[in-house]
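Reader: I would like to learn how to read a model of this kind, feature by feature. Where should one start?

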Amino acid sequence: MEQVKVSLNESDIPRQWYNLAADLPTPLLPPLGPDGKPVSPDMLAPVFPMNLIEQEVSSKKWIDIPEEILNILYRWRPTPLRRAIYLEKHLGTPAHIYYKDESVSPPGSHKPNTAVAQAWYNKQFGIKKLTTETGAGQWGSALAFACKLIGLECKVFMVRISFDQKPGRKLMMQVWGANCVPSPSTETNAGRSVLKEIPNTPGSLGIAISEAIEEAVTDKTGKTRYSLGSVLNHVLLHQTIIGLEAKKQLKSIGEKLPDVVIGCAGGGSNFAGLSFPFVADKINGAKIKIMPVEPTACPTMTRAPFVYDFGDTACTTPLLAMHSLGHAFIPPPIHAGGLRYHGMAPLVCQAIVERLLEPKAYHQKKCYEAALTWARTEGPICAPETSHAIAAVIDEATKAKEEGKEKVILFNYSGHGLMDLSGYDAYLSGKLTDYELPDEEMKKYLKDLENLPKAEMRKTCKW
Ligand SMILES: *Cc1c(COP(=O)(O)O)cnc(C)c1O
């Protein structure tokens, strides 16, 4: 019998996070303020605590994980590395398919890895309350969970369409003691102004971010900060524990470095968490195909230009250099709510510009087909977001079969889909449609960026 589960002991948990910013051959372009000048750490201070801002701008390669954070993570970490031998057999592939099972955390995804760290650093800094936005609800529930364990108040603005489609996630937030409201809401200027223009809007992550930031910076006590579940450097940093564990686990069973590393990417955090330690190997000469996967309905990495753009609809955040569909982009209501963001993590984007990564987009029907194959061979029911990674894994494993190569394929099983069964319902009853963003639609949203500073494509041409 092949080994299908690879565990690590608590004592083997990584004690430092890995910071790709230290190793990128071309440095990140700095975030810019409204005047087009780089923002200073001070300017971010009303939004984030200084200890996290320091991580955001750090160029240190390794950053210690505080013992108290590890003590919380031990509830579910190290997570198992599993081998998908039942899928391998079904496909008849010589490939070895491994996955990090991030669905075993209490909220059911990778997100608490950073939620716990962020809540802890905020608490250290004397903060009493965190605000945030959530799309499908995974991030809101992860932050609610972390705030409860650490002793912070938590307010979540949930994208309207998900609030209506996913009442279960809202209840999870309430169980963990958070206050969850639909966005756009009537509680902020940002929310009210969107509602005035488009009363029936399904909402978007961009709008919800504007609301959460507004609520944080307008608290007169100064004890509220904002927390973001993806995109930013410090968030990706906290997720690298996934890839660092995976590396130890593969080594412990004598497996070679992966040939292919895959993760779905909405803002880029779970993909980065698994892949960045392997991007480091690639920078140092290893041959690895590293693939972030997105929906064709929200094709940020595969079709959107590399530009300076705001992180939110109301243009309150600094300008980030990233692939972006435009901050006003309202994506079609596909079921993978976590993959509907208009932008992408600057660290992931700079790695794409360097050609260290090979992004790919899939239609949602193909993803659900992959999710069913997965559930009917391996067993677990994956999150709609995770199904994008599985679709790519099946394609890569099929290619390995055609080539007759025993490739090692590693992917991130970012979360379970037990709270997202309505998407499976739509697929099984034939109601799901594929959607490809028309060029004219994309150009329309990108027009808003014409007067913003241009992002220079800096690359070494080594890859
Ligand atoms: C939020 C989420 C994603 C997308 O976010 P990233 O920051 O790109 O990782 C993917 N999968 C699951 C299960 C999620 O909850």
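Author: What follows goes through the domains, the ligand shell, three helix pairs and some backbone details. Keep in mind that this is a predicted model.

Reader: Into which domains is the protein chain divided?

Author: There are two, and both are assembled from separate stretches of the chain: domain 1 takes 5-13 + 62-108 + 233-449, and domain 2 takes 22-60 + 110-226. Taken over C-alpha atoms, the centres of domain 1 and domain 2 are 21 Å apart.

Reader: How is the boundary between two such parts described?

Author: The size of an interface is often given as the accessible area lost when the parts come together. Here I use residue contacts instead. On that basis, 53 residues of domain 1 are in contact with 47 residues of domain 2.

Reader: Which elements give two or more residues to the side of domain 1 that touches domain 2?

Author: Strands E3 (62-64) and E13 (319-323) do, together with helices H3 (67-73), H11 (233-239), H12 (241-252), H13 and H15 (346-353). H11 gives the most to that side, with 6 residues. Sorted by class, the side of domain 1 that touches domain 2 has 28 nonpolar, 19 polar and 6 charged residues.

Reader: Where does the ligand lie relative to domain 1 and domain 2?

Author: Both domain 1 and domain 2 give residues to the shell around the ligand, so the ligand lies between them.

Reader: Which of the 20 residues around the ligand come nearest?

Author: Gln138, Ser230, Gly266, Ser269 and Gly415 do. At least two residues of the shell come from each of helix H6 (138-150) and helix H13 (269-283). H13 gives the most, with 3 residues. The shell around the ligand has 12 polar, 6 nonpolar and 2 charged residues.

Reader: Next, helix packing. What numbers should I look for?

Author: Two packed helices are described by the angle between their axes and the distance between the axes. Take helix H5 (residues 112-124) and H6: their axes come within 8 Å and cross at roughly 40°.

Reader: Why are H5 and H6 called oblique to each other?

Author: Angles of 65 to 115 degrees count as roughly perpendicular, those under 35 as roughly parallel and those over 145 as roughly antiparallel, with the rest oblique. H5 and H6 are therefore oblique. Their crossing is right-handed. On the H5 side the contact uses Pro112, Ala115, Val116, Ala119, Trp120 and Lys123, which meet Ala142, Leu143, Phe145, Ala146, Cys147 and Ile150 in H6. By class, this contact of H5 with H6 has 11 nonpolar, no polar and 1 charged residues.

Reader: At what angle do H12 and H13 pack?

Author: The angle is about 60°, with the axes of H12 and H13 6 Å apart. H12 and H13 are therefore oblique to each other, and H12 passes H13 in a right-handed crossing. Ile242, Gly243, Leu244, Ala246 and Lys247 in H12 meet Gly273, Leu274, Ser275, Phe276, Pro277 and Phe278 in H13. The residues of this contact of H12 with H13 divide into 7 nonpolar, 3 polar and 1 charged.

Reader: How are helix H16 (residues 364-377) and helix H17 (residues 386-403) packed?

Author: The axes of H16 and H17 are 8 Å apart, at an angle of about 80°. H16 and H17 are therefore roughly perpendicular to each other. H16 contributes Lys366, Cys367, Tyr368, Ala370, Ala371, Thr373 and Trp374 to the contact, and H17 contributes Ser387, His388, Ile390, Ala391 and Ile394. By class, the contact of H16 with H17 has 8 nonpolar, 3 polar and 1 charged residues.

Reader: What should I check in the backbone itself?

Author: Most residues other than glycine have a negative phi, and most peptide bonds are trans. Departures from this are worth listing. A cis peptide bond joins Arg77 and Pro78, with omega about -10°, and Pro78 is in the loop between H3 and strand E4 (81-83). Ser183 and Pro184 are also joined by a cis peptide bond, with omega about 5°. Pro184 is in the loop between strand E8 (179-183) and helix H9 (189-197).

Reader: Which residue has a positive phi although it is not a glycine?

Author: Val231 does, with a phi of about 70°. Val231 is in the loop between strand E9 (224-226) and H11.

Key: Residues numbered from 1 in each chain as written. Predicted model: local features only at pLDDT ≥ 70, side-chain atom pairs only at ≥ 80, totals over all residues. Near = placed C-beta within 6 Å. Helix = DSSP H or I, 4+ residues; strand = E, 2+ residues; numbered from the N terminus. Nonpolar A, V, L, I, M, F, W, Y, C, P; charged D, E, K, R; others polar. Domains from an automatic or database assignment. Contact = placed C-beta atoms within 7 Å. Axes fitted to C-alpha atoms, helices over the stretch in contact; angles between N-to-C directions. Left-handed = near helix turned anticlockwise from the far one by under 90°.
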